[in-house]
Amino acid sequence: MKSYLAKVVVTLKPSILDPQGVAVRTGLLSMGYSDVDSVRLGKFIEVRLKADDEAAARAMVDEISKKLLANLVMERYEFTVAEEVAK
Amino acid sequence: MAAKDVKDMGLDKKMNGPANAAIKGERTVAPEDWRAMGLTDEEYDMICHRIGKHPNFLEVAMFSVMWSEHCSYKNSRKVLKLLPTKGECVLQGPGENAGIVDVGDGLAVAFKMESHNHPSAVEPYQGAATGSGGIIRDIFTMGARPIAILDPLFFGPTDDARNRHIIDGVVAGIAGYGNAVGIPTVGGMSWFGKCYSVNPLVNVMCVGYLKHDEIRRGKATGAGNKVMLIGSTTGRDGIHGATFASADLTEEAQERKSAVQVGDPFREKLLLEACLELVAKDLVLGIQDLGAAGLTCATSEMASRGGSGMRVELDLVPKRETGMNPYEIMLSESQERMLMVPVPGKEGEVTDILRKWDLDAAVIGEVTDCGTLTITMHGDVLAEVPADQLAESAPAYDREYVKPAYIDELGSFDPDTLPAPKDGELAGIIEKMAASANLCSKHWIYSQYDHQVGSGTVIKPGGDAAVVRIPGTNKGIALTTDVNPRYCYLYPREGAKLAVAEAARKVALTGAKPLAVTNCQNHGNPMKPEVYWSFRESVLGLAEGCEVFGTPVTGGNVSFYNEDGETAIYPTPTIGMVGSLDDVEKAVPSGFKRSGSSIVLIGETKDELGGSEYLSIMHGIEAGRPPRFDAAAEKALISFLTEAADEGFMLSAHDCAEGGLAIALLEDALGNGIGAEVDLSDANTHGLAFWKMLFSESTARAIIEVEPVKAAALQALARKNGVKAFYIGRTGGDKLTVRMAGKSLELDVKKVGGSYEKALESALAGR
Amino acid sequence: MKIGIVVFPGSNCDRDIERAAEVVGSESGFIWHKDKDVRGYDAIVLPGGFAHGDYLRCGAIARFSPVMDAVSEFAEGGGPVLGICNGFQTLLESGLLPGATLRNTGLRFICRPQKLRIDNVNTPFTHLYKKGEVLDFPIAHAEGNYYADPDTIKLLEDEGRIVFRYAEPDGSLTEASNPNGSMHNIAGITNKTGNVVGLMPHPERVVESILGGTDGLRVFKSVMSWCGKGGVR
C-alpha cells in the first residue's frame, strides 16, 4: 500500500446564494477592491490515506466525499490526489 | 483555574520560609533566563531559600508561571484579604475552582466570574470562547451542572472599526462556545467607553447547581492513589510569551506553537457530561481543571491542598504532537483537560466512561505522602520541589498607592454650571439617550446567545436580573452582573459599593434574596501608584458593600495591566451576584405587564447628576460626584422588595439607575409596548427641576407596577420597611406621558422603541 | 406511551425534551447514539444541539451514528419521528426528509421568539392544532435556512408537506417574517407518509407558561394521543 494525500474542496452549488461569500465581497468592496466580482466560500479538507494505487485512492476519496464530506443537496466537491513519499 | 483565585490559606506563616536554610547545589540557570521568564533576582533567591537548593531550568519555569501575577496574585493578595468571605450560606469560599452557596433542601449553587481580557484583545473570537470554556470547567469541576452564563463586556466606542471588529468577534465567540455546550447565556452587560479602546474587557460568569454531597474539590489525597489526566490531549498551545527567549525551545516548536488557544466546545460538552457522570457514580476523590500554567498548576495545587505530594511521569501524558519536551508538557495550556484522583481501584471504570464520551484518560502518576511534587520522564527525575512552596508560597507585595490628582479635580465639577435644558427639548433628549451606546437595547448581543436552552430561563435577558429555575425543582436563582465604570473612575470606593448595591437591588427586584458575590477586578498596571490606589479603593468599596448586604465574596479574579502604557482602563470592579427564590413561580419580571395598573416609584430622587449618562451623552462630560451610596435606604429597599414579591404585590418591577427615571420609565413601557401616564409632582421631595427629576441617577430607587386594588397594601408595606413610596401614575396607551408641576413631555413608545432596539445594530454596521 | 430521546455526543436539548414529556405526562427515555435498537418506544425525538460538534456540517456525522439505522427502520414502519433543530438537520442529512439547511442569511446565530403558521395538521405531532393557526415557538440556530431544489419544493407544496412556515402574527408570509432566508418561509416539513416531522424552531421551549408560553404543548400532546389510539387520530 502507498500513502496518498487528497485535497478536497467543497463549495456550495453555484445556484445557491452564499451569504458568507457575499459578506466577504461586500467587505472587499468597502476596502476599495471594486474589481472583485464575486466571492464564494467553501471548505478545504486534507485526507491522508493508504491505497494500492492512485486509482483506488481516487475511488475512495470520491466515495467519502459523496457520503460525508459534501452534501450533494447543496454542495459540490472536487479533489486532487497525490502520492506522498516518506521523508 | 483555581490558581487565579482569591487565596486565603495561611500564607503569612510561609512567607519567609526557612531563613538561613542551606542552599544545595550549584546555580545552573542563567539570570537572563529567569528574568526572561518574568522572575526578579530577589524572587530567584527566594525560591532557592524556599526549596533549599538551586532550581534547575524546569523548576525555575514552573516557579515562574506559578509566581506570575496571573497565578499567584502577588500584587493583589494582601488587599483581597480584606474581602468578607464567610457567611451562613457559604459552603465553599475563595481558594477553590469556584465558590458554592447553599440554597436549601440539600441543594447548592456553584458560581464564579473570570476575565479573559488580554486574549480577547488579541483574538476576539477565540479569546472570548476560551474564556467561556475555562469558567464553565471551573463550575463542573466542582461537581455542578452549569445552567447559566453571564457576560459583562466593556468595549471602545463603535465609531472605530477595530472596536467593531472586537465586539463582533467577542460576541460571536461567547455565542459559539456557550450555545454549543448548551448552557444558556442569560445575562450580562455591555458598556462602551473610550478607555476600552486600549483594552476591551471580557468577563464571563458561569453558574451551576448540585447537591451538597456532590461537591468535589481540587484535592489530591491518599498516598498511592492514582492521578489521571482526562479530556483532550496535550499540545504546544498557549505556552507563554515569557518563554519565547528560552534557548530550550526547538525551532520546530517555535514555528508550530501558538500563543492563542483554540476552544473546542464539543469536547468541553463531552468532558462536562463525562465528569458529571463520574461524580454521579461516585468515582472521584478530587478533580481540578487545567487552565493557566497547565499541569504545573493543577498538580502542585491539588497536592498542596491535600497536604500531599505527587509523582508524575510525563511519558504517560497523552500528547497531540511529537517531540514535546518536559518544559512544554508542564506549561502547555491546551484546553478541555482535567486532572483527577479517582477512587482507588476505579481507574478502569473511569477510563470506560471517558471512552464512552470519546475522550482520553490516562494514569499519569500517583499521590505521595512526602509533600514533594516529582516530575519524571524516561525514568529521570526532572523536577523535585515541595508542592506547597510552588502552589502557595509566592511572595505577596505591598505596592505603593497614591490618590490620582484627577479625582478631586473631576469630583468637584458642578453640573449646575451647565445650561439647563429647555422643557421643550426633554422628549428629544430622552430619545437621544435611549439610542445611546450604554442605554440602548442590547438585543443585538443577546439574540446571538441561546438564552433558553435547558428549559429553565424564567426571566430572560433584557430586564434586570435573570432568573433560572433549578432543574427538577421549583426553586429559582436570580443572577446579575453590574458595575458603572464611570462612577468607579470618578470615585472608586463609592463606585464599587454602588455596583454591589445595584446588583443586590436587581436580584431583589425579581423577588430573590441576595446571597453571595463573585467579582472581576479589572485595572491597569499595579506598579503605578495611582492605579494601585484605585484597585485598593475598589476592593475596599466591594468589601464595605458586601458587608452591608450580607453577601460574602466567594471568589473571582484580578486582571491587571489593562492599558497601553499611557492610558489605563477605568477601574472596573465587575460584580456578579447570585440570589435565591424558593418559589420560582413568584419571580417578578420588568416591563409593564398590562394596562390600567398603578405605577409606584420607590425611593427619593435627589440632585445627583454627577457622572450621569445625561452629562456624558448631552455634554460629553464625565465628571462630578457620583450618586451617594445610602446603605440604610438600599437595605430597606431590598427587604421591602423581597416581602412585596412574596406577597405577590408586584406585576413588574424595574431598577431605576443609569439614565434616571426617564430611561427607567421608558424601558418599562418598551418591555411589552404598553405606555403610561405619569406625574412626578408628589415624588419631587427635594424640589428639583423637571429635567433633574428625569435624569438624576439617585440610587435605592425602583419602579413597581401594582394592581390598583393592591396599591394601598403595597404603600403600607413600604411604610413598614421605612422606604418612601410615591404613586406616580397608571399604565396604558401607546404614549409615555410624564408631567410635573404644569410641565409635560410625551413620547411615542413604538417610535422611540424602534431607535432603542436598532441603535446598537446600526452603530455596528458603521451607520 | 414512551418517547425515546436520541442522545448524540453534543446533543444539548435532550433534557428539555425529557421535561416536555414530563409536563404532558408521558414517559421518556434516553437512547445513546451507539445503541442499535429503539424497541420499546412509541415515538422518537431527535433533539437539538451540536451533534459531533457540527464541525463538518450540521447533522452530517450524526446520521452515521449506529442508532440512525434503527430510527430509519422505525420511521419506515410508520413510527412517529420528530427532529427539532439539530435533530431536523440530522433527518435532512440522513435522507428521511428532503432538502438541506444553509447558513442564516444574516450570518448570525439567532435566538428569539418566532411566529409560525401551521399548514399541515395531519401529522402525529400536529393533529391537535388547527390549520392556519399562528404559534409562537422560539428559534435558536445559525444554520436554519431551508433549501431544496425547485422540484422538491414543488413536490412539498403540492403534497401539503410543509408543516410550519415563518409568518407574520396574522399568518401572512412575508420576507420580514422569515428570520433566516428559508425558501417558501419553510420552518418544518414532513415525509411522504406524514410520520416523520422536522422543524428548526423549538416547541419544547414553550410548554410551560413560566418559560414564556405553552404553544408547543400540543406537539407532545398530539403524539401522545396519536400513539394512545394506536396510530390514528
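**Strands and cores in a predicted model**

Trainee: Which residue in strand 2 of chain B stands opposite Q92(B)?

Mentor: This is a predicted model, where local features need pLDDT of at least 70, side-chain atom pairs count only at pLDDT 80 or more, and totals for chains, interfaces and linings use all residues. Residues are numbered from 1 along each chain as its sequence is written, chains are lettered from A and ligands numbered from 1 in the order in which they are written, and side-chain values use heavy atoms, without hydrogens and water. Strands (E, at least two residues) and helices (H or I, at least four) are DSSP runs numbered from the N terminus. Facing Q92(B) in strand 2 of chain B is I100(B).

Trainee: Do strand 1 and strand 2 of chain B run parallel or antiparallel?

Mentor: Strands pair if DSSP finds at least two bridges between them. Two bridges join strand 1 of chain B to strand 2 (residues 99–104) of chain B, and their directions are antiparallel.

Trainee: Which are the edge strands of the open sheet in chain B?

Mentor: Six strands make up this sheet, in the order 1-2-3-6-4-5, with mixed pairing. An edge strand here pairs on one side only, and that describes strand 1 (90–92) and strand 5 (185–192) of chain B.

Trainee: Which helix gives the largest share of the largest nonpolar core?

Mentor: A nonpolar core joins buried (under 20% relative accessible area, 1.4 Å probe, protein chains only) Ala, Val, Leu, Ile, Met, Phe, Trp, Tyr and Cys residues through side-chain atoms within 4.5 Å. Among its 123 residues, F640(B), L694(B) and F695(B) touch the most other members. The largest share, nine residues, comes from chain B's helix 21 (residues 492–509).

Note on methods:
Buried means under 20% relative accessible area, exposed over 50%, partly exposed in between (1.4 Å probe, protein chains only).
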